[in-house]
Amino acid sequence: MRTSRHTTTPTTTSAPALTTTRNLGILAHVDAGKTTVTERILFAAGAVHKRGEVHDGTTVTDYDAQERDRGITIFAAAVSCAWDGHRINLIDTPGHVDFADEVERSLRVLDGAVAVFDAVAGVEPQSESVWRQADRYGVPRIAFVNKLDRAGADLDTAVASLRDRLGTVPLVAQLPIGREDGFTGLVDLVRMRALTWPADCDTYETTDVRDPDAVGGAGLRAEAERRRRLLEETAAELHPAALDEFCTTGALSDDTLALALREVTLDGSGTVVLCGSAYRNRGVEPLLDAVVAYLPSPADLPPVRGLGPDGGEQERLPDPAGPVAALAFKVAVTATGRLTYLRVYSGTLRKGDTVLDTGTGRTERVARILRVQADRHFELDEARAGEIVAAVGLKTARAGTTLCAPQAPLLLEPPTVADPVVSVAVEARRSADTGRLATALARLAEEDPSLVVRSDPETGQTVLSGMGELHLEVAVEKIRRDHGLELAVGRPQVSYRETVVRGVSGLVHRHVKQDGGAGQFAHIVIDVEPLEAAEGAEGAEGAEGAEQHEQAFVFRSTVVGGRVPQEFVRAVEAGCRDALADGPLGGHPVTGLRVTLTDGATHSKDSSELAFRTAGRAALRAALRASAMALLEPVVEVVVTVPDDAVGAVLGDLAARRGRVTGSAARSGTTAVTAVVPLAELFGYASRLRGRTQGRGTFTTRPAGLSPVPESVAAAVLAP
C-alpha cells in the first residue's frame, strides 16, 4: 500500500535544481475538471491538507469571489508543490473561450502542460483551441482523460477524438479497471502494475498485473498485455532506439519504453495518455509520476532566444550564474501590492536587484520576491533560472515586458494579444466618480492586456472592449466590487471590420505642400486588391468563415530604378497602415487587402519621409473610397448540447440567428449541434437556450474568424 502524500513540501526559501523543476500548466475545456485536477495534485503532494471542491467554492486556485460565484476559472493562478524530490510550479488556466488570453500568456512561459479531457465528451471546442495555442509555443504535453466514473465515459472514444481532432499520435499508457460507477483503478502499462483505490480511501494498492491473484483476473491480464503490445508498437514507430530493440527482441523493456515515451513527448511526435477521476482522487498520483517522468525540466529545453542591443539574435542558457533575463507574463494588484509574475530564464534574481526594462530602457528595483500559492505568498531571497515567481516593486512592467541585467540587455518575444471583439460603453452613475472610474479602468487594462479602454470620438463615451460578453461582465463586476462604483453599462457591440472586395489599379496621388521654407513633395502610384484566400488563410486554423482576413495587410513595392528610395518606401507603408484605422463604410478598421507601390517620384529638396507617409495615408484612403468594400463581422463556432427532444427548437433558433449548422453528434440521450453563428446574434443566447430547453441545454463557443455581413444587416449597422 502506498500513501498519496509520500513527499513533503520543502521550505519556501529552497532553490530547486534545474533538472528537478517542472513548470507546467493545466489546460482544458470549461468543466473538464481542470481545477479539480489541480486541487487533487496539491492534496496528493501535501501542499494542502483538505481537498477543496469547485461546487463548494473552496478550491485553492479559484480564490476570486467571481470565480467562486460562477464556478469557473477566470484568472490564471500559480501554485507550487513538491513531488518525489521535484519542485512543480503549476498554473491553473481558464477553460472559457473569453479568457483565452490568460492561457496564451501562461503558455508563453511554461515548459510543459497537462491537457485534461472529459471521458464522455472527449475533445471539445476550447480544448482544441488551447491545444493549438500550445502547438504555437511548442509546449510538450501529456493528456489526462478525466471523469472516468461518469455515465457514458469511454477511454477509447476519448482517445479516438484526440487522434481525429487534434492530429496527435496518442500513446495510451494506462488501462482503466471498471467502467463508470465501477471504476476502481487503473493498470500502469509501462510497469504492468494494477493500481486500485478502495472506496473512500486516499491511498491505493499496487499489485503486479501478471500475478494470477491480481485484481481483474485473467481477463484484465490479457487486455493489459494486448494494450501493452499496442503501446510498444506505437512507441517503436516514433522512436528509433525503441524500434531497434523491438525489431531485435520483439518487445520493449520497461525502461526503454519509459525513455521512448519521454523523448516522444519532448519532441512532440506523440502524446502520452493517462486516465482517472480527479473528483474521486483516482489516478492523480500516477499523473504526478508522469509529469516528473515525461515532461521537460528547464534544462531539457533549448536556450531562450531574444534580440540583443544590436538587433541580432542572442541565446541565453538556463544558467543560474549567467546574466539575469526574465519575462513578465501577468500583473495583479493585490493587498500585498502590485505583483508582477515572472519566468526567470537565466541568471539569479535577488531582492534589491536593479533590472532593465528592455522595451522602455528604464531601470527598476525589485523590492521583494515571492513564491505564489494562488492568493497566498511566501518570501524568497532569490529566484534562479527556471523558476516562476512574483516580484514586488516593479512600477511600470507589463505582461510581455523583458527584465534583464542592465549590463546584458536582451529582448524576449512577448506573448501575443488578440484583438478585442466585443465592446460596451461604461460610465459612472455619479459624475463625481468619473475620475475613480478612469483609474479603475486603467488598472484593469494593466492587469489584463486583452481589455482595451478608449474614448469614442463621436459620443465622448468611455468604451471598454474585450474578448466576449462574459469577459466584459467579469471586468465590469470587478470594478463594482473592488472600487465600490455604481456603473451604467451599454448594450454589447461587436467590433466590425471592412475589407476590399474589388480594388483599384494605378491610383496616382501627388502630395505637394509649400508654405515658406522647405516644402513637402511626394508622388506615388499604388494598386489595391483583396488578399487571395490562400494567402490570407496562412496560419488560420480549422474554423469556417472568412478567415482569409486573418492576415490584415500586405504591402509590397515593385518600383525599379530607385525612383522611390527605400526609406521613402517604408514611409509609404507606414502611411498606408495609418489609413487602415478607419474605413470608408463606417469608420471600422480595414483588413484583408494588399497594397502595391508601383511607381513614384521625388524632389531633390522637398521630399522627406513625412511627405511620403502623408502621401501613403491619403492615397490609400482615396483608393478605398474608389474600391468596392464589404463589411465583416466576427463569427464563432458554437456547440449546443441539448436533449434530443429539443433539437428542432434549437435548430430553428440558430437559423433565426443567421447560424449555419455544420454538424451534429448524438451522445447518450443528447445531441451536440455545431454551427457557425455571428457573434452579434449570440448576445443573450444563454437565457434563450435555457428557456427553449427547460434549463437542460448548454453551449460553448470559440472564435471562427470574420465573415461578410449580408447587405440587409450591413445597411442597418451602417445606418446613422
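A salt bridge is defined here as a side-chain nitrogen of Lys or Arg within 4 Å of a carboxyl oxygen of Asp or Glu. The structure is a predicted model, in which local features need pLDDT of at least 70 and side-chain atom pairs count only at pLDDT 80 or more, while totals for chains, interfaces and linings use all residues. Residues are numbered from 1 along each chain as its sequence is written, and side-chain values use heavy atoms, with hydrogens and water left out.

Searching the whole structure yields 55 salt bridges. Three of these pairs are tabulated below.

| Salt bridge | N to O distance |
|---|---|
| Aspartate 653 – arginine 692 | 3.7 Å |
| Glutamate 477 – arginine 480 | 3.9 Å |
| Glutamate 477 – arginine 481 | 2.9 Å |

The pair of aspartate 653 and arginine 692 links distant parts of the chain, 39 residues apart: aspartate 653 lies in helix H15 (residues 647–656) and arginine 692 in helix H16 (residues 685–692). Helices (H or I, at least four residues) are DSSP runs, numbered from the N terminus. Aspartate 653 is buried, at 4% relative accessibility, whereas arginine 692 is partly exposed at 35%. Buried means under 20% relative accessible area, exposed over 50%, and partly exposed in between (1.4 Å probe, protein chains only).

Glutamate 477 has two arginine partners in helix H11 (residues 469–483). Arginine 480 is 3 residues from glutamate 477, so about one helical turn separates them; arginine 481 is 4 residues from glutamate 477, again about one helical turn. Glutamate 477 is partly exposed at 22%, as are arginine 480 at 33% and arginine 481 at 40%.
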